[in-house]
Amino acid sequence: MPKTEFSPKEGLFPVPVVLVSSIDKTTGAANIITIAWCGVICSNPPMLSVSIRPSRHSHRLIKDAGDFVVNIPDSAMLKKVDLCGIRSGKDTDKFKECAFTRAPSVKVASPAIKECPVNIECKLKEIISLGTHDMFIGEVILIHADNNILTPKRGIDYAKASPFVFNQGEYWSLGKRIGYYGFSAK
Ligand SMILES: Cc1cc2nc3c(=O)[nH]c(=O)nc-3n(C[C@H](O)[C@H](O)[C@H](O)COP(=O)(O)O)c2cc1C
């Protein structure tokens with residue numbers, strides 16, 4: 001099959017869509033930003049990265065407070081997820097606008113979003129300026145998951161959390177499991 005060349009762009013498919021909540025250290029106001037440039041970057045210690053443009057309100061909040069919470073939304077929240085990605089906390093209270101409940105975190109100052117089935121509390125370890133985006137590296141300190149999405153062995157069954165991903169400007173749901181880690185050697 002012949003291939004077509006593209007000039008450099010992100011290219012990777014799919015990417016997660018998460019809601020990152022943060023707190024204003026001075027006023028105590030909470031904010032939410034929709035993030036697609038997010039990923040796992042280390043297993044031990046467990047670390048995630050979220051890349052945020054310096055122009056975003058969340059950029060200053062997370063930099064000042066030194067922590068953030070990565071909240072995994074479900075498909076029923078899609079409209080709110082999109083809204084948190086087009087309105088800024090500079091002039092909108094997105095918790096109020098989306099009727100999300102601010103839940104206190106256990107180990108960090110940033111609050112979580114109660115309605116999201118999974119909340120990942122992160123301590124900010126480093127900010128790396130890359131270009132358009134600054135990469136915020138967060139160490140995972142504590143995870144909360146709704147009891148109704150747990151596996152029998154107390155893992156998280158994300159399939160039960162009705163997840164969705166971002167694909168080149170569009171939101172997509174996921175299909176079915178087609179294999180598992182190491183199955184090729186069985
Ligand atoms: C699906 C989606 C993904 C987004 N991903 C990112 C991202 O990875 N990094 C970023 O800086 N902005 C991203 N944005 C844009 C921000 O969410 C948006 O500018 C938001 O209004 C910023 O909120 P804030 O100013 O309250 O922090 C995304 C928006 C959408 C809708």
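Colleague: In this predicted model, how many bridges join strand E4 to E5?

Modeller: Strand E4 covers residues 38-42 and runs antiparallel to E5. The two form a hairpin, with four residues between them. One facing pair is Cys38 opposite Val50 in E5. The number of bridges joining E4 to E5 is four.

Colleague: Which proline in the loop between E4 and E5 follows a cis peptide bond?

Modeller: Most peptide bonds are trans. In this loop, though, the bond that starts at Asn44 is cis, with omega near 0°. The residue on its far side, found in the loop between E4 and E5, is Pro45.

Colleague: And what is omega for the cis bond that joins Phe13 and Pro14?

Modeller: Pro14 lies in the segment before strand E1 (15-16). The peptide bond from Phe13 to Pro14 is cis, and its omega is about -20°.

Colleague: Back to E5: how many bridges does E5 make with E10?

Modeller: E5 and E10 run antiparallel. Leu48 stands opposite Gly138 in E10, and Gly138 also has Leu124 opposite. The bridge count between E5 and E10 is six.

Colleague: What about E9 and E10, which residue in their hairpin takes a positive phi?

Modeller: E9 and E10 run antiparallel and are joined by 11 bridges. Their hairpin has four residues between the strands. The one with a positive phi, near 155°, is Gly131.

Colleague: Which residues of the largest nonpolar core touch the most other members?

Modeller: Nonpolar side chains tend to be buried together in soluble globular proteins. The largest core here has 37 residues. Val50 is a good one to look at: leaving aside neighbours within four places in sequence, Val50 is in contact with Val20, Ile35, Trp37, Cys38, Val70 and Phe136. The core members that touch the most others are Val18, Leu19, Val20, Val50, Val69 and Val70.

Colleague: Why do the buried residues of H1 line one face of the helix?

Modeller: The buried residues of H1 are His57, Ser58, Leu61 and Ile62. Seen down the helix axis they fall within a narrow enough range of directions, so they line one face. That range is an arc of 115°.

Colleague: Which strands do those buried residues of H1 pack against, and what comes after the helix?

Modeller: The strands are E2 (18-23), E3, E5, E6 (67-72), E9 (118-129) and E10 (134-145). After H1 there is a residue with a positive phi, near 80°. That residue is Gly66.

Colleague: Which element gives the largest share of the shell around the ligand?

Modeller: There are 22 residues around the ligand, and Trp37, Ser58, Gly85, Ser88 and Gly89 come nearest. By class, the shell has eight nonpolar, nine polar and five charged residues. E3 (30-35), E5 (47-52) and H1 (57-65) each supply at least two of them. The largest share, four residues, comes from E3.

Colleague: Is Arg154 buried or exposed?

Modeller: Arg154 sits in the loop between E10 and E11. Its phi is near 65°, positive in a residue other than glycine. Arg154 has 8 C-beta neighbours inside 10 Å, and 12 or fewer is the limit for this class, so Arg154 counts as exposed.

Colleague: What is the phi of Ser162?

Modeller: Ser162 is found in the loop between E10 and E11. With 16 other C-beta atoms within 10 Å, Ser162 is partly exposed. Ser162 is not a glycine, yet its phi is positive, at about 45°.

Colleague: How far apart are the C-alpha atoms of Asp157 and Ala145?

Modeller: Asp157 lies in the loop between E10 and strand E11 (164-167), and counts as partly exposed, with 13 C-beta neighbours inside 10 Å. Not counting residues up to four places away in sequence, Asp157 touches Ile149, Leu150 and Thr151. Asp157 and Ala145 are 12 residues apart along the chain, and their C-alpha atoms are separated by 9.6 Å.

Colleague: Which strands stand at the edges of the open sheet that contains E11?

Modeller: Three strands form this sheet in the order E1-E11-E12, with antiparallel pairing. Each edge strand has a single partner, so one side of each is left without a neighbour in the sheet. E1 pairs with E11 over two bridges, with Val15 opposite Phe166. The edge strands are E1 and E12 (170-173).

Conventions:
Residues numbered from 1 in each chain as written. Predicted model: local features only at pLDDT ≥ 70, side-chain atom pairs only at ≥ 80, totals over all residues. Near = placed C-beta within 6 Å. Nonpolar A, V, L, I, M, F, W, Y, C, P; charged D, E, K, R; others polar. Buried ≥ 20, exposed ≤ 12 C-beta atoms within 10 Å, placed from the backbone. Arc of directions from axis to C-beta. Contact = placed C-beta atoms within 7 Å. Pairing = 2+ DSSP bridges. Core = buried A, V, L, I, M, F, W, Y, C linked by C-beta atoms within 7 Å.
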